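These entries record what I looked up in a predicted model. I began with the packing of one pair of helices and then turned to a single residue.

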Amino acid sequence: MVTESFKETLKFYNEGLQLYKNRKFKEAWELFKKAVEITPNDGPSKKYIGRCEAFIANPPPEDWDGVFEMKTK
């Protein structure tokens, strides 16, 4: 059974992912944070929070294809 809180988490995650793909990293970060507030162990949202923070600090090139390249192990 899917809980209402999970549905809400998924909604924030999906909206955040669309913003992320459209290079709106600050807005996406805010939605991923909301998802984690509802579901603290939401791994995908946590991962994208880190990626958004990296791209806010160092935006990707204009021809960015959506791929996140890890700079460290």
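**Helix packing and one residue**

I first checked the handedness of the crossing and found that α2 passes α3 in a left-handed manner. For the contact itself, I listed Phe25, Lys26, Ala28, Trp29, Phe32, Lys33, Ala35 and Val36 on the α2 side. On the α3 side I noted Ser45, Lys46, Tyr48, Ile49, Cys52, Glu53, Phe55 and Ile56. Sorted by class, this contact of α2 with α3 comprises eleven nonpolar, one polar and four charged residues.

I then looked up the geometry. Helix α2 covers residues 25-38 and helix α3 residues 43-57; their axes come within 9 Å and cross at roughly 155°. Angles over 145 degrees count as roughly antiparallel, and α2 and α3 are therefore roughly antiparallel to each other.

Next I followed Ala35, a residue of helix α2. Is Ala35 buried or exposed? I recorded a relative accessibility of 0%, so Ala35 counts as buried. Leaving aside residues up to four places away in sequence, I found that Ala35 touches Thr9, Phe12, Tyr13, Asp42 and Ser45. I also noted Phe6, which is 29 residues from Ala35 in sequence, with the two C-alpha atoms 8.9 Å apart in space.

Finally, I consulted the UniProt record, an unreviewed entry, which lists residues 9-42 under "repeat: TPR". In the model, I found this span, residues 9-42, to be 79% helix and 0% strand. The C-alpha atoms at the ends of residues 9-42 lie 8 Å apart.

Note on methods:
Residues are numbered from 1 along each chain as its sequence is written. This is a predicted model: local features need pLDDT of at least 70, side-chain atom pairs count only at pLDDT 80 or more; totals for chains, interfaces and linings use all residues. Side-chain values use heavy atoms; hydrogens and water are left out. Axes are lines fitted to C-alpha atoms, for helices over the stretch in contact, and angles run from 0 to 180 degrees between N-to-C directions. Helices (H or I, at least four residues) and strands (E, at least two) are DSSP runs, numbered from the N terminus. Angles under 35 degrees count as roughly parallel, over 145 as roughly antiparallel, 65 to 115 as roughly perpendicular and the rest as oblique. A crossing is left-handed if the near helix is turned anticlockwise from the far one by less than a right angle, and right-handed if clockwise. Contact means heavy atoms within 4.5 Å. Ala, Val, Leu, Ile, Met, Phe, Trp, Tyr, Cys and Pro count as nonpolar, Asp, Glu, Lys and Arg as charged, and the others, Gly among them, as polar. UniProt positions are given in the numbering used here, feature names are shortened, and annotations may be inferred rather than shown by experiment. Buried means under 20% relative accessible area, exposed over 50%, partly exposed in between (1.4 Å probe, protein chains only).
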